[in-house]
Structure formats: structure tokens, C-alpha cells
Amino acid sequence: PPRALLHHWARVQPRRGTDLRHDLKVSLKTAIAGGDARLAVHRAGGGTETITVKIPPGIEDGKTIRLRGQGEPAAGGGQRGDILISIHVQPHPFFERRGKHLDVKVPVTLAEAALGAKVDVPTPRGTISLKIPSGTSSGKKLRIKGHGVAADNGEPGDLMAEIQIVLPPSLDEQSIDWIRKLDEHQTIDP
């Protein structure tokens with residue numbers, strides 16, 4: 001009879017312990033490069049265990065890491081459950097992530113934008129020197145190849161540097177006169 005088969009199957013099927021769910025906040029730098037994070041796991045018996053979690057390079061916000069067999073044990077034996085960790089990437093003061101690409105805003109002076117310059121730009125791997133072409137307008141995006149997030153295929157994304165012209169909070173009369181004279185010579189209407 002079918003009922004006897006179900007009863008027999010339930011006896012031979014090993015019991016599985018309970019899965020534990022945790023949230024883990026990681027920095028954008030850790031999400032990009034990978035690394036280790038520590039997680040305090042509260043066990044059913046009341047104890048707390050600290051475990052190290054390997055964060056894979058390029059992990060995205062909202063993804064889940066499964067630690068097989070590290071959850072709660074099954075009652076009366078059997079295999080342990082898993083630990084499911086939801087990753088939450090914390091915002092970064094400079095970078096914004098778009099898939100495997102990163103955006104960064106680069107403040108420059110009016111002279112640096114107009115005349116061209118080399119400026120320091122932060123990247124996840126350290127500061128680099130970026131050449132600003134002369135005549136660069138605010139909002140222009142310059143691509144820095146390979147300085148984004150490492151993808152699954154190993155080819156990293158790009159860092160997009162958005163130029164932002166920053167003027168001093170106050171201008172003296174001489175500076176204002178120079179700007180007026182420059183404006184008189186403009187041949188374009190933006």
C-alpha cells in the first residue's frame with residue numbers, strides 16, 4: 001500500500017538540520033576585491049560562534065552566500081543545515097557601482113578643465129594620475145579601463161571619471177572681469 005511506502009521512505013531519508021539566515025554588511029572595497037569577513041552565529045543552544053566568511057571578488061549587493069553544513073544539526077542525528085548569508089554592500093564616499101563598472105566624480109578647477117591638467121583620481125586599487133584634456137566641460141566622463149569590478153570571466157570593468165568644475169566660493173572683482181572677458185570671446189552657445 002502507498003501509505004506503507006511513504007512511512008518506509010520517511011524512516012530511511014536522513015533528517016536535515018535547520019538553515020540559519022544572517023545579514024552581513026561589507027565594504028565596497030571588499031565586495032570588489034573579495035576578502036574575509038567575520039560573522040557571529042547564535043546557536044540554538046544559546047552559544048555564539050564566530051565564523052570567517054570568504055567574500056568572493058565582485059559580489060553584488062543582495063546576493064546570498066551559502067555555507068553548507070554549518071547550520072543547526074538535525075535532531076537525533078543526520079546532516080546539518082546550511083547558513084545563508086545575505087550580502088549588503090555599504091555605500092562608498094567616492095564610488096558608485098553599476099554592474100562591473102564604477103563611477104567617480106572628479107572635482108577640477110576652471111583652469112584645469114580649460115587648460116588641461118593631470119589630477120589624482122582614487123581607484124579601488126589606489127590613486128592614479130588622470131590626464132584631463134584641455135577644454136573639458138563639467139559632466140564629461142573619462143574612461144579608465146580595467147579599474148572597475150572584476151567580473152566572473154576575470155576581465156574587470158571600467159572606472160568612469162565624471163569631471164566636475166568647481167569654482168571658488170567667492171570671486172574677487174579681477175577674477176570676475178577675466179571671466180566676463182573670456183565670455184565675450186566665446187563663439188559657441190552651449
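**A mixed three-strand sheet in an extended chain**

In this predicted model, 3 strands (DSSP runs of E, at least two residues long, numbered from the N terminus) form an open sheet in the order 1-5-4, with mixed pairing, where two strands count as paired if DSSP finds at least two bridges between them. Strand 1 (20-26) and strand 4 (64-67) each have a single partner strand and stand at the edges, so one side of each is left without a neighbour in the sheet. From one strand to the next, the twist averages 25 degrees, taken between axes fitted to C-alpha atoms, with angles running from 0 to 180 degrees between N-to-C directions.

**Strand pairing**
- Strand 1 and strand 5 (residues 83-89) run parallel and are joined by 7 bridges.
- Valine 26 has valine 89 of strand 5 opposite it.

**Overall dimensions**
- The radius of gyration of the protein chain, taken over C-alpha atoms, is 28 Å, whereas a compact globule of 190 residues would have one near 16 Å, by the rule of 2.2 Å times the number of residues to the power 0.38.
- The C-alpha trace spans about 95 × 35 × 25 Å along its principal axes.

**Composition and burial**
- The protein chain contains 4 helices and 11 strands, helices being DSSP runs of H or I with at least four residues.
- Of its 190 residues, 29% are buried (under 20% relative accessible area, 1.4 Å probe, protein chains only).

**Basis of the values**
- Residues are numbered from 1 along each chain as its sequence is written, and side-chain values use heavy atoms, leaving out hydrogens and water.
- Local features need pLDDT of at least 70 and side-chain atom pairs count only at pLDDT 80 or more, while totals for chains, interfaces and linings use all residues.

Conventions:
Buried means under 20% relative accessible area, exposed over 50%, partly exposed in between (1.4 Å probe, protein chains only).
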